[in-house]
Amino acid sequence: MPRYALKIEYDGRPYCGWQAQADQPSVQGAIEAALDRLEPDLPRIAAAGRTDTGVHATGQVAHCDMHRDWAPFRLMEALNHHLRPAPVAILACAKVDDGFHARFSATERHYLFRLLARRAPPTFEAGQVWHIRHALQLAPMQEAARHLLGTHDFTTFRASQCQAKSPVKTLYWLEITSIDLLHGQEFHFTLRARSFLHNQVRSIVGTLERVGSGAWAPADVKTALDARNRAACGPVSPPDGLYLTEVRYPQDPFSG
């Protein structure tokens, strides 16, 4: 069966997350329903990241196996036709060899978290940013973030239901930047790692927000990390502002 890699964009608000559920709409379910319109009885698709309820993607990667040998452009166009009007789009499609696996072949995953700090609620981007009504200080958050870089036991920043075999992860990159707006600021948290624990990004962002607001000192983040205790974590941020932006592989399947 020919295998294809798909680069996917989606608004996570209508879905219970990526993974198919019997009684709830999912991103995986939407794409598999579109595939079923093209060829019935296909194997299940697999994705690089099982994003949670309400989490978005601009660069999710999945693979599918087809019965027929499709031209990648035609497969992309056909899937986008059958996905309408769902807020899911196939951005690129490439034929790959049987050894490619969207999840297990990935070497890095990149996430962006958007936080809007202003008094007024968002209108156009409601559900796509985490909105807070108070100001944040950038420099203390940047100082605190440095404690999380590298290889650590991230038990503190791991959901209690996380199924990963080990809490030890290596955070390659954690950058926080701010954009001045007319009536507030937008903060971008950019994170890169080979893989993340369940709720790790949202736990990190929620904790760093406490530092930016002045409720925590930057050193408190290291104390929380060293505690290896979920109770030491700050609040978990909502999913609204979280985006899976890129997945990297030894060879980019979409570069050809």
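The following paragraphs describe helix packing, selected buried residues and local backbone features in a predicted model.

Helix 4, formed by residues 200-212, comprises 13 residues, and the 18 Å from its first C-alpha to its last is close to the 18 Å expected at 1.5 Å a residue. Of these 13 residues, 12 are buried, so helix 4 is largely enclosed by the rest of the structure. The buried positions are Gln200, Val201, Arg202, Ser203, Ile204, Val205, Gly206, Thr207, Leu208, Glu209, Val211 and Gly212, a set that includes the charged residues Arg202 and Glu209. After the helix comes glycine 214, for which phi is positive, near 95°.

Two residues of helix 4 illustrate the surroundings of this element. Serine 203, which lies in helix 4, has a relative accessible area of 0% and is therefore buried. When neighbours within four places in sequence are left aside, the contacts of serine 203 are with Phe157, Arg230, Cys233, Pro235 and Val236. Valine 211, likewise placed in helix 4, is buried with a relative accessible area of 2%. With residues up to four places away in sequence not counted, valine 211 touches Pro140, Met141 and Ala144, together with Trp216, Ala217, Pro218 and Val221. By contrast with these contacts, alanine 62, which is 149 residues from valine 211 in sequence, is 36 Å from valine 211 in space, C-alpha to C-alpha.

The packing of helix 4 against helix 3 was examined next. Two packed helices are described by the angle between their axes and by the distance between the axes. The axes of helix 3 (residues 138-145) and helix 4 come within 8 Å and cross at roughly 135°; because this angle lies neither in the range of 65 to 115 degrees nor over 145, helix 3 is classed as oblique to helix 4. The crossing in which helix 3 passes helix 4 is right-handed. On the side of helix 3 the contact is made by Pro140, Met141, Ala144 and Ala145, and on the side of helix 4 by Leu208, Glu209, Val211 and Gly212. By class, the residues of this contact between helix 3 and helix 4 divide into 6 nonpolar, 1 polar and 1 charged. Among the residues on the helix 3 side, Pro140, Met141 and Ala144 also appear in the list of residues touched by valine 211.

A second helix pair is formed by helix 1 (residues 27-38) and helix 2 (residues 72-83), whose axes come within 9 Å and cross at roughly 115°. Helix 1 and helix 2 are therefore roughly perpendicular to each other, and helix 1 passes helix 2 in a right-handed crossing. In this contact, Ala30, Ile31, Ala34, Leu35, Arg37 and Leu38 of helix 1 meet Leu75, Ala78, Leu79, His82 and Leu83 of helix 2. The contact of helix 1 with helix 2 has 9 nonpolar residues, 1 polar residue and 1 charged residue.

Leucine 38, which lies in helix 1, shows this contact at the level of a single residue. With a relative accessibility of 18%, leucine 38 counts as buried, because the cut-off for that class is under 20%. Its contacts, leaving aside neighbours within four places in sequence, are Trp70, Leu75, Ala78, Leu79 and His82. For one of these residues, leucine 79, the C-alpha atom is separated from that of leucine 38 by 8.1 Å, although leucine 38 and leucine 79 are 41 residues apart along the chain.

Several backbone features were found in the loops. Arginine 84 and proline 85 are joined by a cis peptide bond, with omega about 5°, and proline 85 has its place in the loop between helix 2 and strand 4 (88-96). Aspartate 41, found in the loop between helix 1 and strand 2 (46-47), has a positive phi of about 60° although it is not a glycine. At 69% relative accessibility, aspartate 41 counts as exposed, whereas leucine 38 in helix 1 is buried. A positive phi, of about 50°, is also found at arginine 228, which is not a glycine; arginine 228 lies in the loop between helix 5 (218-227) and strand 10 (242-248).

Note on methods:
Residues numbered from 1 in each chain as written. Predicted model: local features only at pLDDT ≥ 70, side-chain atom pairs only at ≥ 80, totals over all residues. Heavy atoms only, no water. Helix = DSSP H or I, 4+ residues; strand = E, 2+ residues; numbered from the N terminus. Expected span 1.5 Å × (residues − 1). Buried < 20%, exposed > 50% of the residue type's maximum accessible area, 1.4 Å probe, protein only. Axes fitted to C-alpha atoms, helices over the stretch in contact; angles between N-to-C directions. Parallel < 35°, antiparallel > 145°, perpendicular 65-115°, else oblique. Left-handed = near helix turned anticlockwise from the far one by under 90°. Contact = heavy atoms within 4.5 Å.
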